[in-house]
Amino acid sequence: MPREAVEISPLPSGGRRAVRRGLLCLAFAGATWGTTGAAVDVVYRSSDLGPVAVSFWRYVGGLALLLGAVALRPARAPGGLRRRGTGRRRPALLLGTGLGLAVFQTAYFGAVKETGLAVGTIVTLGAGPVFTAVGGRLFLAERIGRAGVVAVCGALGGLAVLVLGNQRGAVDPLGVGFALLSAAGYAVATLLARWTGRHGGGEDPYTLTMWSFGIGAAVLLPLAWAEGILPHSGEPGRVLLLMLYVAAVTTALAYPLYFVGVAAVRAATASVVMLIEPVSAALLAVTLLDERLTAATVAGTALLLSAVAGLAVAESRVARAAPVPP
């Protein structure tokens, strides 16, 4: 899931072929991340692992696979991403991003457990860009324009419809709270990466991802130990295969593909393409996990996702209006 926003040096211009390749990478990453919550939901049903333990093992497995990939390709970053120099702000970037992503992942898995895959994913991925836009305006003086303000208001309206428009039991308030906490963790990591990138403390995405996973695993270890770090289940093979899938496909494979994609297309385009993630998660929730989508859930989802698309459009307009640096 989700997705650290870092300052990435664009790929050399490769024309339409590079853009198409980037779009395919983004689409694959989004569709893959949409399956993460479903896999974790089955893990919950098949074992007694909790959200913290699941996050811990995802970080450990993903980190091990990424380290193996780096050992095989020590001289270059994935997709031609250029490594950047770092400074005194690097420890703050790495620690803050690791902590933010630990909250992001763990709270998201808690939301899936409490209120289901569809609502948990939609609220997290709908609120994350909104929190980031508001935080960017408050702390980084980023402009979002009138269209951005309208999109933020639309997202808040969608969240209100989703939570208040459903009957009791259809949406769990605790699960929604976990989803909002997850979105806040994502926003913190994103804003920190933007701030350090602007002040000369940027980091290449591959290194940042590995450090974030390592810090996240270290932070979560004592909590996972207290929660129960090893599964006790009558189906250990299923649990192991699902966790391997989460670590290998939705983490070690999807993250580099996502970074290749965002380096080849505009940020606004990437934001819209990545709406594949909540849509695919909702489809899996209905078709495979027998979750029920009420009219209020559908309406709130439409408002939230429309708001994210609106934020992408607003970002694109602001970027085009900004002066070109010398």
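**Exercise 1: a charged patch**

Find which residues form a positive surface patch in this predicted model.

*Solution.* Start with the arginines of the patch: Arg16, Arg17, Arg20 and Arg21 together form it. Next, pick one of them and place it in the fold: Arg16 is found in helix α1, which covers residues 15-34. Last, check how open Arg16 is to the surroundings. Its relative accessibility is 70%, and the cut-off for exposed is over 50%, so Arg16 counts as exposed.

**Exercise 2: a salt bridge in a helix**

Work out how Arg45 and Asp41 are placed in helix α2, and say whether each is buried or exposed.

*Solution.* Begin with the general idea: side chains of opposite charge can pair when their charged atoms come close. Now look at the pair itself. The side chains of Arg45 and Asp41 meet in a salt bridge, with 2.7 Å from N to O. Then use the helix: both residues sit in α2 (residues 36-46), and because they are four residues apart, about one helical turn separates them. Finally, compare each value with its cut-off. Arg45 has 54% relative accessibility and is exposed, as exposed means over 50%. Asp41 has a relative accessible area of 8% and is buried, as buried means under 20%.

**Exercise 3: the cover on α2**

State how many residues of α2 are buried, and name them.

*Solution.* First the count: nine of the 11 residues in α2 are buried, so this helix is mostly covered. Then the names: Thr36, Gly37, Ala38, Ala39, Val40, Asp41, Val43, Tyr44 and Ser46. You have already met Asp41 as a partner of Arg45 in a salt bridge.

**Exercise 4: the other pair**

How many salt bridges does the structure hold, and how accessible are Glu235 and Arg238?

*Solution.* The structure holds two salt bridges. Besides the pair in α2, the side chains of Glu235 and Arg238 meet in a salt bridge, at 3.7 Å from N to O. This fits the cut-off of within 4 Å. For the accessibility, take the residues in turn: Glu235 has 35% and is partly exposed, and Arg238, at 43%, is partly exposed as well.

**Exercise 5: a backbone angle**

Find where Asp290 lies and what its phi is near.

*Solution.* Locate the residue: Asp290 is in the loop between α11 (276-287) and α12 (295-321). Then read the angle: phi of Asp290 is near 60°, a positive value in a residue other than glycine. Why pick this out? Most residues other than glycine have a negative phi. To finish, Asp290 is exposed, with a relative accessible area of 67%.

Notes. Residues are numbered from 1 along each chain as its sequence is written. This is a predicted model: local features need pLDDT of at least 70, side-chain atom pairs count only at pLDDT 80 or more; totals for chains, interfaces and linings use all residues. Side-chain values use heavy atoms; hydrogens and water are left out. Helices (H or I, at least four residues) and strands (E, at least two) are DSSP runs, numbered from the N terminus. Buried means under 20% relative accessible area, exposed over 50%, partly exposed in between (1.4 Å probe, protein chains only). Patches are made of residues with over 30% relative accessible area and no salt bridge: like charges are joined within 9 Å, nonpolar side chains (Val, Leu, Ile, Met, Phe, Trp, Tyr) within 5 Å. Accessible areas come from the Shrake-Rupley method with a 1.4 Å probe; for residues, only the protein chains shown count as cover. Lys and Arg count as positive and Asp and Glu as negative; His and the chain ends are not counted. The place of a charge is taken as NZ of Lys, CZ of Arg, CG of Asp or CD of Glu.
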